[in-house]
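Visitor: I'd like to learn how to read a fold, one feature at a time. Can we go through one together?

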Amino acid sequence: MSWYKAFEKYYERSWKEVPAAEIDMLRQQVSALNEVSQPLASVVFIAHNEEKRLFSSLSSIVMNDKDVPFEVIVVNNNSTDNTEQECIRFRNDYPKANFLYIVEYQQGLSFARNRGIQESKGDFIIFLDDDAY
């Protein structure tokens, strides 16, 4: 997806400096992304014993008003608490969310992040912690 390259020249500028016609074109192109089955962004949570805040974090991500298609991936890195049950609850409460739950058995943040990268389908990968809400 290269639609965003046309708007790089406006990076770090005020929206007031961008011509209205180009803003309208950007809105149309971003809206068209919603019709694409592949997500533009992958939001990856690495979870190790994160049952207390994970559901709230995931919920706040999918409840945001967004115009860009994205997926949410939780990589469970050998949790011994109820992290998996919280992900099941999230999937049940938000069945329309583009959500993937996976387990990475090799302990460590690097293994878990690499697994998240391997599983992601988005052009952009965003790593968030469970306290990002």
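Visitor: Let's begin with burial. What percentage of the residues in the chain is buried?

Guide: Before anything else, keep in mind that this is a predicted model. To judge burial, look at how much of each residue's accessible area is left; under 20% relative accessible area counts as buried. Here, buried residues make up 37% of the 133 residues in the chain. As for the outside, the accessible surface is about 8500 Å², and carbon and sulfur atoms account for 48% of it.

Visitor: And the secondary structure? How many helices and strands are there?

Guide: Count the elements, then read them in order. You'll find 4 helices and 4 strands, and along the sequence they follow the pattern α-β-α-β-α-β-α-β.

Visitor: In what order do the strands sit in the sheet?

Guide: For a sheet, walk across it from strand to strand. This one is an open sheet of 4 strands in the order β3-β2-β1-β4, with parallel pairing. The edge strands, pairing on one side only, are β3 (99-103) and β4 (124-128). From one strand to the next, the twist averages 20°.

Visitor: Can we zoom in on one pairing? How many bridges join β2 to β3?

Guide: Strand β2, residues 70-76, runs parallel to β3 and is joined to it by 5 bridges. If you want a spot to click on, V72 stands opposite F99 in β3.

Visitor: Now the helices. Which strands does helix α2 touch?

Guide: With a helix on a sheet, ask what it touches and at what angle it runs. Helix α2 (residues 54-63) packs on the sheet and touches β1 (41-47), β2, β3 and β4, with its direction at about 165° to that of β2. Helix α4, residues 109-119, lies across β1, β2, β3 and β4 as well, running at about 145° to β2.

Visitor: How about a single residue, say V74 in strand β2? Why does V74 count as buried?

Guide: Compare its value with the cut-off. V74 has a relative accessible area of 0%, and buried means under 20%, so V74 counts as buried.

Visitor: Which residues is V74 in contact with, leaving aside its neighbours within four places in sequence?

Guide: Follow the contacts outward. They include F45, A47, L54, L58 and C87, along with F99, L100, Y101 and I102. Take I102: it is 28 residues from V74 along the chain, yet their C-alpha atoms are separated by 6.3 Å.

Visitor: What share of the chain's contacts with a separation of 6 or more joins residues 24 or more positions apart?

Guide: Such pairs account for 78% of those contacts.

Conventions: Residues are numbered from 1 along each chain as its sequence is written. This is a predicted model: local features need pLDDT of at least 70, side-chain atom pairs count only at pLDDT 80 or more; totals for chains, interfaces and linings use all residues. Side-chain values use heavy atoms; hydrogens and water are left out. Helices (H or I, at least four residues) and strands (E, at least two) are DSSP runs, numbered from the N terminus. Buried means under 20% relative accessible area, exposed over 50%, partly exposed in between (1.4 Å probe, protein chains only). Contact means heavy atoms within 4.5 Å. Accessible areas come from the Shrake-Rupley method with a 1.4 Å probe; for residues, only the protein chains shown count as cover. Two strands pair if DSSP finds at least two bridges between them. Axes are lines fitted to C-alpha atoms, for helices over the stretch in contact, and angles run from 0 to 180 degrees between N-to-C directions.
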